[in-house]
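Colleague: I've got this one open on my screen and would like a close look at a single part of it. Could you take me through the sheet and what surrounds it?

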Amino acid sequence: MNKSRQKDALKNLIKAGKIKHISALEVFELLRVENPKMSIATVYRNLNLFVEKGLLLKIEGAGDEALYDDTIKPHAHLICVKCGEIEDLDLDISDSILKSLREKSFDFTNYDLSIKGHCRKCSSGAN
């Protein structure tokens with residue numbers, strides 16, 4: 001399989017909305033269904049390329065390995081420390097944060113916010 005077809009296969013997963021908080025190994029398993037000769041190294045390389053190009057978001061700190069998300073608009077993640085569930089949270093940057101960024105002369109382009117705690121399912125056992 002040539003490199004262009006491998007990238008196209010990943011782009012098709014992104015367009016189909018199938019990359020929601022999943023690991024590189026999970027992406028690899030999805031791609032191998034249609035592309036049995038694809039290697040895990042190719043998946044990592046293309047995921048990193050797509051992150052660099054802004055086509056995917058890489059989520060760090062949600063466990064042992066990075067996860068990938070095809071929702072690239074600015075948003076936060078709610079991460080359950082008990083079960084590992086990740087949920088998107090639409091969140092606008094507050095005026096006070098924007099004011100602080102302007103005071104620091106920081107040119108804000110994007111943000112990555114993870115809020116850790118217990119999801120609805122686990123919170124009943126967490127208290």
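**A close look at the sheet**

Modeller: Let's start with one pair: A76 has L89 in β5 as its bridge partner. Bear in mind throughout that this is a predicted model.

That pair belongs to the contact between β4 and β5, which run antiparallel and are joined by 4 bridges. The two strands make a hairpin, with 5 residues between them. Look at G84 in the turn: its phi is positive, about 85°.

Now go to the other side of β4. Strand β4 covers residues 76–80, and 5 bridges join it to β6, this time with the strands running parallel. You can pick out individual pairs here as well. L78 sits opposite I115 in β6, and I79 has K116 of β6 as its bridge partner.

Put those two pairings together and you get the whole arrangement: 3 strands in an open sheet, ordered β5-β4-β6, with mixed pairing. The edges are β5 (86–89) and β6 (113–117), each of which pairs on one side only. As for twist, neighbouring strands of this sheet are turned by 25° against each other on average, ignoring direction. As a general reminder, strands of a sheet pair through backbone hydrogen bonds, either parallel or antiparallel.

How covered is β4? Mostly: 4 of its 5 residues are buried. For the protein chain as a whole, 31% of the 127 residues count as buried.

The next thing to look at is the largest pocket, since β4 and β6 each supply at least two residues of its lining. From the β4 pairs we just went through, L78 and I79 are in that lining, and so are I115 and K116. The rest of the list is C80, E85, E87, G117, H118, C119 and R120. The space in this pocket comes to about 190 Å³.

There's also an enclosed space to find. The count is 1 cavity of 30 Å³ or more, and the largest cavity has a volume of about 50 Å³. Its lining includes H77, along with T71, I72, K73, P74 and H75. L57, N110, Y111 and D112 line this cavity too.

For contrast, have a look at the largest nonpolar core. It has 17 residues, and L10, I19, V27, L31, V43 and L47 are those with the most contacts inside it. The elements giving two or more residues to this core are the helices α1 (3–15), α2 (24–34) and α3 (40–52). L31 is a good place to centre your view: apart from neighbours within four places in sequence, it is in contact with A9, L10, L13, M38 and V43. In soluble globular proteins, nonpolar side chains tend to be buried together.

Finally, zoom out to see where the sheet fits. The protein chain has 5 helices and 6 strands, and along the sequence they follow the pattern α-β-α-α-β-β-β-β-α-β-α. Its C-alpha atoms fill a box of roughly 50 × 45 × 25 Å along the principal axes. Among contacts between residues at least 6 apart in sequence, 48% join residues at least 24 apart.

Methods: Residues are numbered from 1 along each chain as its sequence is written. This is a predicted model: local features need pLDDT of at least 70, side-chain atom pairs count only at pLDDT 80 or more; totals for chains, interfaces and linings use all residues. Side-chain values use heavy atoms; hydrogens and water are left out. A nonpolar core is a set of buried Ala, Val, Leu, Ile, Met, Phe, Trp, Tyr and Cys residues joined through side-chain atoms within 4.5 Å. Buried means under 20% relative accessible area, exposed over 50%, partly exposed in between (1.4 Å probe, protein chains only). Contact means heavy atoms within 4.5 Å. Two strands pair if DSSP finds at least two bridges between them. Axes are lines fitted to C-alpha atoms, for helices over the stretch in contact, and angles run from 0 to 180 degrees between N-to-C directions. On a 1 Å grid over the protein atoms alone, a cavity is a set of points where a 1.4 Å probe fits but cannot get out, and a pocket is an open set with protein on both sides within 12 Å along at least five of seven lines; lining residues have an atom within 4 Å of a point. Grid points are joined across faces, edges and corners, and a volume is the space filled by probe spheres set on the points.
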